[in-house]
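Please look over the sequence and the model below before reading on. The paragraphs after it are meant to be followed with the structure open.

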Amino acid sequence: MTPGFNDLFNRLLAEHSVSSSNPAIDQSNLGVINLLADTFSDLGFTCELVDVPGHHKKANLIATLGTGPGGLVLSGHTDTVPFDEALWHTNPLAMTEKDNRLYGLGATDMKGFFAVVHEAVQDFLDADLQQPLIILATADEESSMEGARTMVAKGRPKARAAVIGEPTGLRPIHMHKGIMMEGIHVQGRSGHSSNPALGRNALEAMYDVISALLRFRQQLQMEYRNPHFVIDMPTLNLGVIHGGDNPNRICGHCDLEFDVRLLPGMASDAIREKIAALIAPIASKHQVEIKLTRLIPGVEAFDNMDSELGRLAEVLTGHAPESVAFGTEGPFLQQLGMDTIILGPGSIDQAHQPNEYMSLDQVRPCINILQSLIKQYCL
Ligand SMILES: [Zn+2]
């Protein structure tokens, strides 16, 4: 590795970039984006910042070497999850090398990947690229995925293939479930409990809503199965319920929150429409108002089986592409028309944890894989 590897790794971690749906702890990612733009500009890449609309101080970066259609995108997110410094044995905002590991917040998920990419591209800076090599760095993957959504809205970048370097232990991933998180608010009317006619009981309406959801879940699980997943069916989890205030008052309002994990082939919009259709008759039966809202924008399932890149990755890594339980920006890059897989250094077991690290054993093999892919798609 060049002497710059540890330095860049360290500087990437030092730029705070927590993303969170809680505005009190949400941070800009511009420190990371500007660092990457400067670093790759110095190597001869053309760098372009893409603002994420409606988000204060958030941007994506497209860094391109070479021109023309086709080519390869190496993609990663610049943000990290929030962290609890007291639980760390090292400074989370700096790289610490110890026991053949590189420790720090975002070491494996996934700022460290950009240092690996920086290393991998060194051999191609003077090459006559026939197709472009593109580095994509996104904002807010850990919260809203707004960075990736922005790229889909812009229709960029375009390339033949894309690798997202999330920590997969260098095994190619071609499939994951989608997720939706929804809320249901039942607005009834409170009143004295001695006479049910004095109000509209939101809790009783919610009882019917929950029954309908559980029947719907059963129906989904009969309809959809996918043997590539450990949990081979879609799931629907009732996670939160709040309602009412006193046993002697008719319950005036009730709120439910649940998630749905979608298998490939299930579109979130269609599922939401079916849920809306289920709750409409319950509202009129109980003469209450029922509102369905999305708590997060949701991520579709990802499925890129039998792809050229998947086969190539299998040859390079010795592992057939697999499915995973976590969501990624894969569906968004796929929507842009790119043959997309998830393949990166480090383990998801260390992600979102105190004392996150990337094992140094993964670095050189990852560089070799990326260089083989660059040769295949860009030379
Ligand atoms: Zn990640």
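The text goes from the overall fold to a sheet with its helices, then to a metal site and a second sheet.

This is a predicted model, in which local features need pLDDT of at least 70 and side-chain atom pairs count only at pLDDT 80 or more, while totals for chains, interfaces and linings use all residues. Residues are numbered from 1 along each chain as its sequence is written, and side-chain values use heavy atoms, with hydrogens and water left out.

The protein has nine helices and 16 strands, where helices (H or I, at least four residues) and strands (E, at least two) are DSSP runs numbered from the N terminus. Along the principal axes, its C-alpha atoms fill a box of roughly 80 × 45 × 35 Å. Of the 379 residues, 52% are buried, a term that stands for under 20% relative accessible area, with exposed meaning over 50% and partly exposed in between (1.4 Å probe, protein chains only). Among contacts (heavy atoms within 4.5 Å) with a separation of 6 or more, 80% join residues that are 24 or more positions apart.

One open sheet has four strands in the order β10-β11-β9-β12, with antiparallel pairing; two strands pair if DSSP finds at least two bridges between them. Strands β10 (235–243) and β12 stand at the edges with a single partner each, so one side of each has no neighbour in the sheet. From one strand to the next the twist averages 20°, the axes being lines fitted to C-alpha atoms (for helices over the stretch in contact) and the angles running from 0 to 180 degrees between N-to-C directions. The antiparallel pairing of β9 with β12 extends over six bridges, and His-185 stands opposite Lys-291 in β12.

Two helices accompany this sheet. Helix α5 lies across β9, β10, β11 and β12 and runs at about 10° to β11, whereas α6 packs on the sheet by touching β9, β11 and β12, with a direction that makes about 165° with that of β12. Helix α6 (residues 268–286) has 19 residues and reaches 27 Å from its first C-alpha to its last, close to the 27 Å expected at 1.5 Å a residue, a span taken as 1.5 Å times one less than the number of residues. Its buried residues include Ile-271, Ile-275, Ile-279 and Ile-282. An α-helix has 3.6 residues a turn, so residues three or four places apart point the same way. The cover over the buried residues of α6 includes β9 (178–187), α5 (202–223), β11 (253–262) and β12 (289–294). After α6 comes Gln-287, whose phi is positive, near 50°.

The zinc ion is coordinated by His-77 (NE2), Asp-109 (OD) and two OE entries of Glu-166, at 1.8 to 2.8 Å; donors are N, O and S atoms within 2.8 Å of the metal (3.2 Å for Na, K and Ca), and sites may look incomplete because water is not among the atoms. His-77 lies in strand β3 (residues 72–77) and Asp-109 in the loop between β5 and α3 (111–121), so this pair ties together parts that are 32 residues apart in sequence. His-77 counts as buried at 0% relative accessibility, and Asp-109 is buried with a relative accessible area of 5%.

Another open sheet has three strands in the order β4-β5-β16, with antiparallel pairing, and its edge strands are β4 (96–98) and β16 (357–359). Strands β4 and β5 (residues 101–103) pair over three bridges, and Lys-98 has Arg-101 in β5 as its bridge partner.
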